[in-house]
Amino acid sequence: MREVKLEPDVISYSAGISACEKGEQWQRALALLSEMRGAKLKPNDISLNAGISACGKGGVWQRALALLREMRESKLEPDVISYTAGIRACAKVEQWQRAIALLSEMRKMKLEPDVISYNAGFSACERAEQWQLALALLSEM
């Protein structure tokens, strides 16, 4: 874009971050988020959700949860997609307690977990052999 004298905007960066997420390039997704901030552009929910998901796929759950925290701190409202991406990030690396905590936090924020959210929670429980907790989650649906 810069070669043809166009400046990337929030939509351009979000698309790039999303492409990195789909290509499982979490480091590049984070680099684009950083570059975006350096260009004085404020990441939106789409760019941060893609970043959370990219970090989750890369197994860097702490970074995923840091981006979720950033959303709240920057006055963006995390949605079901945001939380589900965080839950998936935790499930991938057997952080089942954190995954369940995110499900609980969703409900406190008046967000109704969807089937994908619960499935990510089930996955976290399964990996940790927490079948009783998975059954408890199932009864909440």
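Which residue's side chain does the side chain of Thr-84 join in a polar contact, and at what distance? I looked this up first: the partner is Ser-117, at 2.6 Å. By polar contact I mean a pair of N or O atoms within 3.5 Å; within protein, one must be able to donate a hydrogen and the other to accept it, and residues adjacent in sequence count only if both atoms are side-chain atoms.

**Ground rules.** I am working on a predicted model, where local features need pLDDT of at least 70 and side-chain atom pairs count only at pLDDT 80 or more, while totals for chains, interfaces and linings use all residues. I number residues from 1 along each chain as its sequence is written, and side-chain values use heavy atoms, with hydrogens and water left out.

**Overall layout.** I find eight helices and zero strands in the protein. From the N terminus on, the elements run α-α-α-α-α-α-α-α. Helices (H or I, at least four residues) and strands (E, at least two) are DSSP runs, numbered from the N terminus. Of the 141 residues, 40% are buried; my cut-offs are under 20% relative accessible area for buried, over 50% for exposed, and partly exposed in between (1.4 Å probe, protein chains only). I also checked contacts, meaning heavy atoms within 4.5 Å. Among those between residues at least 6 apart in sequence, 56% join residues at least 24 apart.

**Repeats.** UniProt, in an unreviewed entry, places "repeat: PPR" at residues 9–43, 44–78 and 79–113. Its positions are given in the numbering used here, feature names are shortened, and annotations may be inferred rather than shown by experiment. I looked at two of these stretches. Residues 9–43 are 74% helix and 0% strand, with the end C-alpha atoms 10 Å apart. For residues 44–78 I again note 74% helix, 0% strand and 10 Å between the end C-alpha atoms.

**Back to α5.** Thr-84 sits in helix α5 and counts as buried because its relative accessibility is 6%. Leaving aside neighbours within four places in sequence, Thr-84 is in contact with Asp-114, Ile-116 and Ser-117.

Ser-82 is also placed in α5. Its relative accessibility is 0%, so I log Ser-82 as buried. The side chain of Ser-82 makes a polar contact with the side chain of Asp-79, at 2.9 Å. Not counting residues up to four places away in sequence, Ser-82 touches Asn-49, Ile-52, Leu-68 and Met-71.

Ala-91 is my third stop in α5. Ala-91 is buried because its relative accessible area is 3%. Its C-alpha is 4.0 Å from that of Ala-124, although the two are 33 residues apart in sequence. Beyond residues up to four places away in sequence, Ala-91 touches Ala-120, Ser-123, Ala-124 and Arg-127.

**The largest pocket.** I put its volume at about 200 Å³. On a 1 Å grid over the protein atoms alone, a pocket is an open set of points where a 1.4 Å probe fits, with protein on both sides within 12 Å along at least five of seven lines; lining residues have an atom within 4 Å of a point. Grid points are joined across faces, edges and corners, and the volume is the space filled by probe spheres set on the points.

Which helix gives the largest share of the lining? It is α5, with five residues. Both α3 (45–57) and α5 (80–92) supply at least two. Thr-84 turns up in the lining, along with residues including Glu-21, Asn-49, Arg-88 and Asp-114. I sort the lining into six nonpolar, three polar and three charged residues; Ala, Val, Leu, Ile, Met, Phe, Trp, Tyr, Cys and Pro count as nonpolar, Asp, Glu, Lys and Arg as charged, and the others, Gly among them, as polar.

**Loops.** Lys-42 is in the loop between α2 (26–38) and α3, and at 52% relative accessibility counts as exposed. The side chain of Lys-42 reaches the backbone oxygen of Ser-74 at 3.3 Å. These two are 32 residues apart in sequence, with 9.1 Å from C-alpha to C-alpha.

Most residues other than glycine have a negative phi. I noted two with a positive phi: Lys-40, at about 65 degrees, and Glu-94, at about 60 degrees. Lys-40 is in the α2–α3 loop and is exposed, at 75%. Glu-94 lies between α5 and α6 (96–108) and is partly exposed, at 46%.
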